[in-house]
Amino acid sequence: MKHLEQQLRALRSSGRKALVPYFVAGLTPDWIQHVEAAVLAGADAVEIGVPFSDPMIDGVVIQEGVLRSLEAGTTLDSVCKDLSSLSTHVPLVAMTYYNIFFHYGLERAAGKIAASGLSGAIVPDLTIEESSDWRVACDAHDLANVFIVAPSSTPDRVALLAPASEGFCYASARMAVTGRAADEGDAKRVVGEVRAISDVPVYVGIGIGTPEQAREASMVSDGVIVGTALVQLILDGGDVHAIEDFIGSFRRAIDIAPVSA
Amino acid sequence: MSESSFMSSPDARGHFGEFGGRFVPEALMPACLELESAFRDAWADAAFQHEYRTVLKEFGGRPTPVTPLPRLSERLGLELYAKREDLAHTGSHKINNVVGQTLLTKRMGKTRVIAETGAGQHGVATATAAARFGLECTVYMGEVDTKRQVLNVFRMELLGATVVPVTSGSRTLKDAVNEAMREWVSCVNDTHYCLGSVMGPHPFPWMVRELQSIIGIEASAQLHDMGVGTPDLVVACVGGGSNAAGVFAGFANTSARLVGVEAAGGSAVGMGSPGVLHGMKSLLIQDEFGQIEEAHSISAGLDYPGIGPEHAFLATSGRAEYQAIGDDEVLGALKVLSELEGIIPALETAHAVAWIMKEAGGAIPKGSKVLLNLSGRGDKDVAQVREILRAEG
C-alpha cells in the first residue's frame with residue numbers, strides 16, 4: 001500500500017473527516033504561505049494544482065486562476081522548486097492534466113514530484129484505460145494515483161476505478177466542471193457505489209463551496225475537497241488570514257458532523 | 001502495418017499507432033462508450049446507411065461532381081481535377097459529418113446537439129442539420145471568431161441555433177472545444193456533442209472519418225468513370241483534418257501520394273510534438289512545458305494547434321505527407337483559381353491550391369494527375385479577402 005493511503009486510512013481510523021483544499025500553484029507569489037495557512041487552520045491534505053493551458057474539467061474560477069498562474073510563468077519545475085520551501089506535515093497531492101506529465105516524461109515527472117514532497121496525483125483527463133504507463137511510473141516512486149468516480153460511472157466502471165484508486169478515491173458530487181453548485185448533488189450515491197467495492201477512503205469534490213455543503217458531504221464520506229470557493233477567495237485578494245478563516249470555518253463545520261458509519 | 005490496412009479501424013481503444021485513444025474526464029467516459037457502441041451498430045445497419053446516403057442526396061446535394069480544371073492544368077503542366085465539396089449544402093464537406101451525427105443523435109434518443117466552431121462552417125452545418133431533424137442546437141464559438149465571422153453567427157441564429165461566445169483562454173477554436181466539452185459534462189444525458197473534425201476522444205476521429213469517407217469513395221469511382229483512373233496525388237488542406245481524412249480514405253490503399261496541406265502558423269506535423277489535448281493523443285503545437293500554443297492562420301478553419309490522431313499516424317508512418325503554406329501564398333492561389341476556373345475557394349482550400357501551384361514541376365512531376373479536394377467555397381471569406389487586398393493596395 002502506498003504511503004499516502006496508509007496516512008489517509010490512519011486519519012479515517014482516528015475518526016477525523018479529511019479536509020482537502022485545492023490551490024492553484026503559483027497563483028500568487030506567496031502561494032506557499034497560503035498552503036501553510038490552510039494547514040494551520042486544519043487542512044489534512046492539500047491538492048497542488050499545476051496549471052495547464054486547457055483545463056477541460058475546470059469552471060471559470062479555476063480557469064482564471066490557472067491563466068494568471070501561467071502568465072506569472074509557473075511551470076512544473078517552478079512549482080517543485082517553490083515546494084522545497086514548504087514545511088508541512090500533511091500529505092500533498094498533485095492535480096494536473098495529463099499533458100503536463102506526458103510532455104515532461106512520465107518517469108521523470110513522477111520522480112520529480114515525489115522528490116518535491118508530493119505523495120499522490122490526480123490526473124482528471126487520464127482515463128483508467130490509458131493509465132498503465134503513468135501508474136508504472138507512480139509505482140516506482142511511491143506516488144498514489146487517485147481516480148475520479150463520476151455520477152455517470154456505470155457499475156462496471158466503478159468496479160474498475162474504485163480498486164485501482166490509491167490514497168483515496170475522488171467521488172465527483174455532480175455532473176459538472178469545478179465550481180459552485182446550489183444542490184447537494186449525487187455525493188451520497190457515488191460514495192456508496194465506491195464503498196460497495198473498495199474500502200479505500202472516499203472524498204467528495206465538485207461543488208463543495210460552503211461549510212454547510214462540506215458538512216453534508218462529509219457526513220456521507222471520509223472527507224471533502226474544496227477548490228473553487230478557495231481559489232475565488234484568493235483571486236479576490238484574500239490573504240493568509242482570510243484563508244485561515246475560510247479553512248477554519250470548513251474545519252468546524254465538518255468536525256461537528258456526526259461520525260458516519 | 002501493411003499498406004492495405006491503412007485507414008481501416010483503429011484498435012479497440014481507438015488508437016492509430018501510438019496516437020488517438022481517450023483522454024477525457026471520467027464523467028464523459030460512459031458517453032464516449034455509448035457513442036462508440038451506437039455508431040458501430042448504426043454503421044453496420046443497412047437501414048441507417050441508406051437513410052444517411054438518402055439525406056445526403058436529397059438534402060445535402062450529393063454526389064458532388066469531380067470537375068477538371070483545364071486552364072490551371074495548362075498553366076501548371078499538370079492534369080488537375082477538383083472534388084467539389086464546395087457544392088455540397090452549406091458550402092463545404094462539413095454537411096457529411098453533421099448529417100451522420102444528427103441521425104445518430106436521434107437514434108440514441110437524444111434531443112439536443114452542441115458543437116464547437118472556428119470559422120463557423122461546422123457551426124452552420126450543425127445548425128442546418130439540427131433544424132432539418134428538429135433538434136435543439138447550441139454552438140460554442142470563440143469570442144474572437146464571433147467577431148471575425150459575424151455573418152456566420154447570424155446564419156446559425158437564422159437556423160434556430162444559440163451561439164455562445166467563448167471568453168476563456170485565447171477565445172478561439174481550441175477554447176470553443178474546451179467549452180463544448182465542459183458543457184457536455186453537464187448535459188450528457190440528453191445531448192450529443194457533434195464534434196466537427198477527425199479529433200477528440202475515440203470514437204470521434206474514426207467516426208468522423210467514416211462519415212467523411214464518402215468524399216473519397218465517390219471521387220475514386222468518378223475518376224474511374226471519367227477514364228482518369230487512380231490519380232498520382234491527392235491533395236487536401238488540413239486543420240483538424242476531416243476533409244483530408246475523407247478524401248484520403250478513398251485512396252489510402254492505392255498508389256496515390258497523399259498530401260495534407262497545413263497552415264504554416266498551425267502546422268501540427270511540421271512544428272508539433274506528441275501530446276494530449278481535447279481527448280486525444282496526437283501531434284500538437286506546444287511550448288517546452290507542455291502548454292498548448294495558439295495557432296495562427298489567415299483562415300479561421302485552420303487555426304487549430306493540433307491535428308487528428310489518424311493524420312499523426314499517417315504522417316509518422318509515412319503513408320501521407322504534410323506540407324505547410326504561409327498566409328502570404330494563399331491569396332494568390334485563391335485569385336488564380338477564381339480567375340482561371342471560375343471557382344472561388346475557401347481560404348482553407350486555397351492552401352491546398354497554393355501548394356499545388358508552388359510544387360508543380362517540383363515535388364509534383366509535370367504531367368501528374370492530381371486530385372484536389374475542393375473542401376469549401378469562398379463566399380464566407382470574400383469580405384476578409386477584400387479587406388486584405390485593399391490594405392495591400
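**Exercise 1. The end of a helix**

Which residue follows α16(B), and what is its phi?

*Solution.* Let's start by finding the helix in this predicted model.
- Step 1: Helix α16 of chain B covers residues 382-392.
- Step 2: Go on to what follows α16(B), and you meet B:Gly393.
- Step 3: The phi of B:Gly393 is positive, near 70°.

Now stay with this helix a little longer. Why does α16 of chain B lie largely in the open? Count its buried residues: of the 11 in the helix, the number buried is one, so α16 of chain B lies largely in the open.

**Exercise 2. A pocket beside the helix**

Describe the second largest pocket and work out where it lies with respect to the domains of chain B.

*Solution.*
- Step 1: Begin with the space, which is about 270 Å³ in the second largest pocket.
- Step 2: Look at the lining of this pocket, made up of 14 residues; nearest the centre lie B:Arg148, B:Gln149, B:Lys380, B:Ala383 and B:Gln384.
- Step 3: Two or more residues each come from α6 (143-148), α7 (150-158) and α16 of chain B.
- Step 4: Sort the lining by class: seven residues are charged, four are nonpolar and three are polar.
- Step 5: Both domain 1 (16-55 + 94-207) and domain 2 (62-92 + 212-392) of chain B give residues to this lining, so the second largest pocket lies between them.

**Exercise 3. The largest pocket**

Which element gives the most to the lining of the largest pocket, and with how many residues?

*Solution.*
- Step 1: The largest pocket has a volume of about 580 Å³.
- Step 2: It is lined by 32 residues, and those closest to its centre are A:Ser53, A:Leu67, B:Ser168, B:Gly169 and B:Ser170.
- Step 3: The elements that give two or more residues are α3 (60-71) of chain A, along with β7 (162-166) and α8 of chain B.
- Step 4: Among these, α3(A) gives the most, with seven residues.
- Step 5: For the classes, count 11 charged, 11 polar and 10 nonpolar residues in the lining.
- Step 6: Check the domains too: domain 1 and domain 2 of chain B each supply at least three residues to the lining of the largest pocket.

**Exercise 4. Enclosed spaces**

How many cavities of 30 Å³ or more does the structure hold, and what lines the largest cavity and the second largest cavity?

*Solution.* Here is a helpful idea to begin with: rolling a probe the size of a water molecule over the atoms shows where empty space is left.
- Step 1: The structure has seven cavities of 30 Å³ or more.
- Step 2: The largest cavity has a volume of about 400 Å³.
- Step 3: Its lining holds 34 residues, and nearest the centre are B:His93, B:Lys94, B:Gly301, B:Leu302 and B:Glu348.
- Step 4: Five elements of chain B give two or more residues to this lining: β5 (112-117), α5 (121-133), α8 (173-187), α11 (242-248) and α15 (347-359).
- Step 5: In the lining of the largest cavity, 19 residues are polar, 10 nonpolar and five charged.
- Step 6: Move to the second largest cavity, with a volume of about 220 Å³.
- Step 7: This second largest cavity has 24 lining residues, of which A:Pro124, A:Ile148, B:Pro25, B:Glu26 and B:Ala27 are the closest to its centre.
- Step 8: In chain A, α8 (155-164) and β7 (169-172) give two or more residues to that lining.
- Step 9: The classes of the second largest cavity are 18 nonpolar, three polar and three charged.

**Exercise 5. Strands in order**

What is the order of the strands in the open sheet of chain A, and which are its edge strands?

*Solution.*
- Step 1: Remember that strands of a sheet pair through backbone hydrogen bonds, either parallel or antiparallel.
- Step 2: The nine strands of this open sheet have the order β5-β4-β3-β2-β1-β9-β8-β7-β6 (chain A), and the pairing is parallel.
- Step 3: β5 (144-146) and β6 (148-149) of chain A are the edge strands, since each pairs on one side only.
- Step 4: Zoom in on one pair: β8 (residues 202-205) and β9 (residues 223-226) of chain A run parallel and are joined by two bridges.
- Step 5: Across this pair, A:Val204 stands opposite A:Val224 in β9(A).

**Exercise 6. Cysteines without partners**

Why does B:Cys32 form no bond with the closest cysteine sulfur?

*Solution.*
- Step 1: Over all chains, the structure holds zero disulfides.
- Step 2: The closest cysteine sulfur to that of B:Cys32 is in B:Cys187, 13 Å away, which is too far for a bond.
- Step 3: B:Cys32 is also buried, with a relative accessible area of 0%.
- Step 4: Try B:Cys237 next: it is in no disulfide, and the nearest cysteine sulfur, in B:Cys194, is 19 Å away.
- Step 5: B:Cys237 counts as buried too, at 3% relative accessibility.

Definitions and conventions
Residues numbered from 1 in each chain as written. Chains lettered and ligands numbered in written order. Predicted model: local features only at pLDDT ≥ 70, side-chain atom pairs only at ≥ 80, totals over all residues. Heavy atoms only, no water. 1 Å grid on protein atoms, 1.4 Å probe; cavity = no way out; pocket = protein on both sides within 12 Å on 5 of 7 lines; lining within 4 Å. Points joined across faces, edges and corners; volume = space filled by probe spheres on them. Helix = DSSP H or I, 4+ residues; strand = E, 2+ residues; numbered from the N terminus. Nonpolar A, V, L, I, M, F, W, Y, C, P; charged D, E, K, R; others polar. Disulfide = S-S within 2.5 Å. Buried < 20%, exposed > 50% of the residue type's maximum accessible area, 1.4 Å probe, protein only. Pairing = 2+ DSSP bridges. Domains from an automatic or database assignment.
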